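Biologist: Please explain how the surroundings of a bound ligand should be read in a structural model.

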Amino acid sequence: MTWAAENNLTVRRLAPSFAGEISDLDLSEEVLGRHAGAIRRAFLDNKVLVLRGQEIGPALFSAFGSLFGDPDPHHVIAMRHPEAPNLTILSNQDEPGRKPQAKYFGSGWHSDYSYKAAPAAATMLLAAEVPEEGGDTLFADMEAAFAELPEARQAELRRLRVRHQYRWSPDRSDPWARWTFLSESERAATPEVVHPLVRRHPATGNESLMIGPRVIGSVIGIEGMDEAQSDALIDDLMRHAVEERFIYRHRYRPWDVVVWDNRCTLHCATTDTLAADKVRRMLRITTRGQPPIAA
Ligand code: SIN
């Protein structure tokens with residue numbers, strides 16, 4: 001399906017309920033100035049926005065990022081770009097000063113910084129080096145997932161709150177590996193926080209599920225529920241949230257720019273299944289959001 005947004009931007013829909021590709025736009029300072037409003041509008045309408053073939057440097061990528069808010073640098077210092085700390089470098093290769101786990105960064109469903117009091121608004125990647133095949137990112141539309149639930153179930157979920165804490169680990173048998181991965185100060189910067197299970201988007205007003213997998217994700221449990229009940233509900237919601245009908249799979253080409261709205265989507269890297277000889281390097285920017293609004 002193709003449709004025109006404001007200012008003659010053409011956006012092609014990539015999945016049934018969300019994700020769009022903007023064609024015919026080569027990023028430059030001048031283009032950003034002229035199309036800023038249309039790009040933001042297309043971002044809110046599509047939740048995931050793809051621009052192909054943008055061979056740009058860190059400065060222009062940062063200018064693109066500023067369309068979506070102020071940068072919020074990653075709290076794991078080793079992930080930051082050494083010269084431009086607002087940028088994160090994602091790499092599936094051994095990099096100086098990084099723990100091996102960093103190669104599989106983001107491989108598990110999550111919404112960026114959901115473990116912070118003010119989770120991320122937008123995140124964007126610039127595909128500096130990608131293999132011909134593999135290293136895709138999966139996205140799931142949390143507004144569609146919520147809208148497809150029966151009304152009585154939606155009403156129950158609106159009353160619940162979820163405990164989050166950063167404890168990412170690729171070791172599924174050791175969910176508390178965060179304590180070995182993070183430094184003292186990085187741990188101190190990520191205390192437990194509580195968010196509504198159903199949030200309202202600050203710009204569109206739409207409701208969406210704010211959930212993630214337990215153990216490997218940042219979700220600890222549902223506030224006030226016993227562990228078994230909470231685990232069962234989270235697992236059930238996650239099964240629903242990532243059903244095929246809510247998913248867009250992005251297959252990268254060199255110099256793709258992909259920007260997504262963390263306030264209404266989940267995403268999942270697949271670098272944990274990418275062969276080590278297939279190099280994947282991305283620049284990443286995340287912008288500061290606000291505390292989630294309960295629906
Ligand atoms: C992320 O989780 O922010 C990165 C996703 C990816 O590398 O595909």
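Biologist: Which residues are around the ligand?

Modeller: A residue is near a molecule if one of its heavy atoms lies within 4 Å of it. Around the ligand are Leu90, Gly106, His110, Asp112, Leu125, Thr137, Trp260, His267, Ala269, Arg280 and Arg284. This is a predicted model, in which local features need pLDDT of at least 70 and side-chain atom pairs count only at pLDDT 80 or more, whereas totals for chains, interfaces and linings use all residues. Residues are numbered from 1 along each chain as its sequence is written, and side-chain values use heavy atoms, with hydrogens and water left out.

Biologist: Which side chains lie 2.9 Å, 2.6 Å and 2.8 Å from an oxygen atom of the ligand?

Modeller: A polar contact with a ligand is a pair of N or O atoms within 3.5 Å. An N or O atom in the side chain of His110 is 2.9 Å from a ligand oxygen; for Thr137 the distance is 2.6 Å, and for a polar side-chain atom of Arg280 it is 2.8 Å.

Biologist: How much of the ligand does the protein bury?

Modeller: Accessible areas come from the Shrake-Rupley method with a 1.4 Å probe. The ligand taken alone exposes 260 Å², of which the protein buries 100%.

Biologist: What is the place of Trp255?

Modeller: Strands are DSSP runs (E, at least two residues), numbered from the N terminus. Trp255 belongs to the loop between strand 13 (247-250) and strand 14 (257-261). The C-alpha atoms of Trp255 and Glu192 are separated by 36 Å.

Terms used: Polar contact = N/O pair within 3.5 Å; in protein donor to acceptor, adjacent residues only side chain to side chain. Helix = DSSP H or I, 4+ residues; strand = E, 2+ residues; numbered from the N terminus.
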